[in-house]
Amino acid sequence: MTKILHVSDTHLGNRQYRSNTRRSDFSDAFDATVDIAIDEDVDAVVHTGDLFDDPSPNVPTVNRCLDAVSRLESEDIPFLAIVGNHERKRDEQWMDIVKRFGNTVRLSASPTLVAEEGGANPVNVFGFDAVRNPAWDSYDFSLEEPKDQDAVNLLCMHELFEPLVPPHRGQPYHLDEFLDRLNFLPDGLALGDYHSTCNTEVNGVKAFYPGATERTKVSESTDPCVYVLEITDGNIQLRTRTIESAGRDNVPRDFLVVNVEFEEGHGIEHVERRIDEEAGGEDIAEKVVVVRLRGVDVPVTTNDVYSLLSQREVPVPNVDDKRQVDADFDFEFDEEDIDDIDQMIEEQLSDLSLSSLSADAEDLVRDESIDDGDIRTEMNHRIRAAQEEEFGEATLEER
């Protein structure tokens, strides 16, 4: 049996909530992935993109990555990877640099052979880096015909595909339409970019996302995982391993989300009471604690809440304040003519000739379902994509 560990979206260097602790957490999760690979005695590790969170990771982040890859090399486990949209650069990629320090392969349309000891149950592993949206329709997805026709073929990509990804999540491509563009169908499609663990089968092709190794948004509530692929007699079997199963302390770090609905007369004691209710008696000193302030604008500031979390020794606090401000505005309008305040805002904005990015930012800020920390992450992603579409991908020097 040939065993391959499939990991994706490690986002090394991510300072979630502007926290250095979180940056270390993402590296710790990648280290836990290596622990699992060694424990499972896999024949290869496949990474399907967004190894780094940014095209210009800092030196400590790169060093942590190289240390992890070196541990794989010491166990004779090759590291095979593609480039994701977060880390993509114009010319030489970080994967081209990482591969100089160990047994690393940047996957391509040509097959990389993986097999169990002795060469049985061979697997041809192919890969396409993340494709920019403008290039998708004309991109050449031709794969080199493998020499071993009996080997299992595994294609790695960093894209969003229906039916695995809901239509409202990033405008995913249709998987069956994409498969029609290939010159031959692979047996498996190992995917990245979607931070949930899921799998399906379309036209006889097993397609699967392992999810991210750490939680990049509050909305990502499932356990961070990797897949272990077990290939025997031409068949691919999937088995999940949680990052927690590596046995490292606080990896992945637990989140506690506390919704605080203020009413008149409430003070900081109400916040503390809600934290205790949600914690259910557990110590919160090692958690990411996200406190959402809603309701009326009582005299409790975000600094008050941060001070409370500091007293409770919370390592990663985040306060999201979207309370309703009780203020008098110096204008009048006939309420009978305004059925929806959002409609009024849309009509006013339509006269401003906003750019699409400015309109996106305005929509995100007014969306109460999105936390402030997630707004920053999402807008950075959209700005980067718009810059690449307009000007191409900037080099580090041009940045």
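This passage describes the overall make-up of a predicted protein chain, one of its sheets, a hairpin and a pair of packed helices.

The model is predicted, so that local features are reported at pLDDT of at least 70 and side-chain atom pairs at pLDDT 80 or more, whereas totals for chains, interfaces and linings use all residues. Residues are numbered from 1 along each chain as its sequence is written, and side-chain values use heavy atoms, with hydrogens and water left out.

The protein chain contains 10 helices and 17 strands, where helices (H or I, at least four residues) and strands (E, at least two) are DSSP runs numbered from the N terminus. Of its 399 residues, 48% are buried, a term that stands for under 20% relative accessible area with a 1.4 Å probe, protein chains only. The exposed surface of the chain comes to about 19800 Å², of which carbon and sulfur atoms supply 42%, as computed by the Shrake-Rupley method with a 1.4 Å probe. Among contacts (heavy atoms within 4.5 Å) with a separation of 6 or more, 71% are between residues 24 or more positions apart.

An open sheet of 6 strands, with mixed pairing, follows the order β4-β3-β2-β1-β13-β14; two strands are taken to pair if DSSP finds at least two bridges between them. Its edge strands, β4 (104-106) and β14 (235-242), each pair on one side only, and neighbouring strands of the sheet are turned by 25° against each other on average, direction ignored. Within this order, β1 (residues 2-7) runs antiparallel to β13 (residues 225-232) and is joined to it by 5 bridges, with H6 standing opposite Y227 in β13.

Antiparallel pairing over 5 bridges also links β11 (residues 198-202) to β12 (residues 205-209), and N199 has F208 in β12 as its bridge partner. These two strands form a hairpin with 2 residues between them, and N203 in the turn has a positive phi of about 55°.

Helices α1 (residues 20-40) and α2 (residues 59-74) pack at an angle of about 5° with their axes 10 Å apart, the axes being lines fitted to C-alpha atoms over the stretch in contact and the angles running from 0 to 180 degrees between N-to-C directions. The two helices are therefore roughly parallel, a description applied to angles under 35 degrees. Residues of α1 including R23, D28, F30 and I38 meet residues of α2 that include R64, C65 and L72.

Definitions and conventions:
Parallel < 35°, antiparallel > 145°, perpendicular 65-115°, else oblique. Buried < 20%, exposed > 50% of the residue type's maximum accessible area, 1.4 Å probe, protein only.
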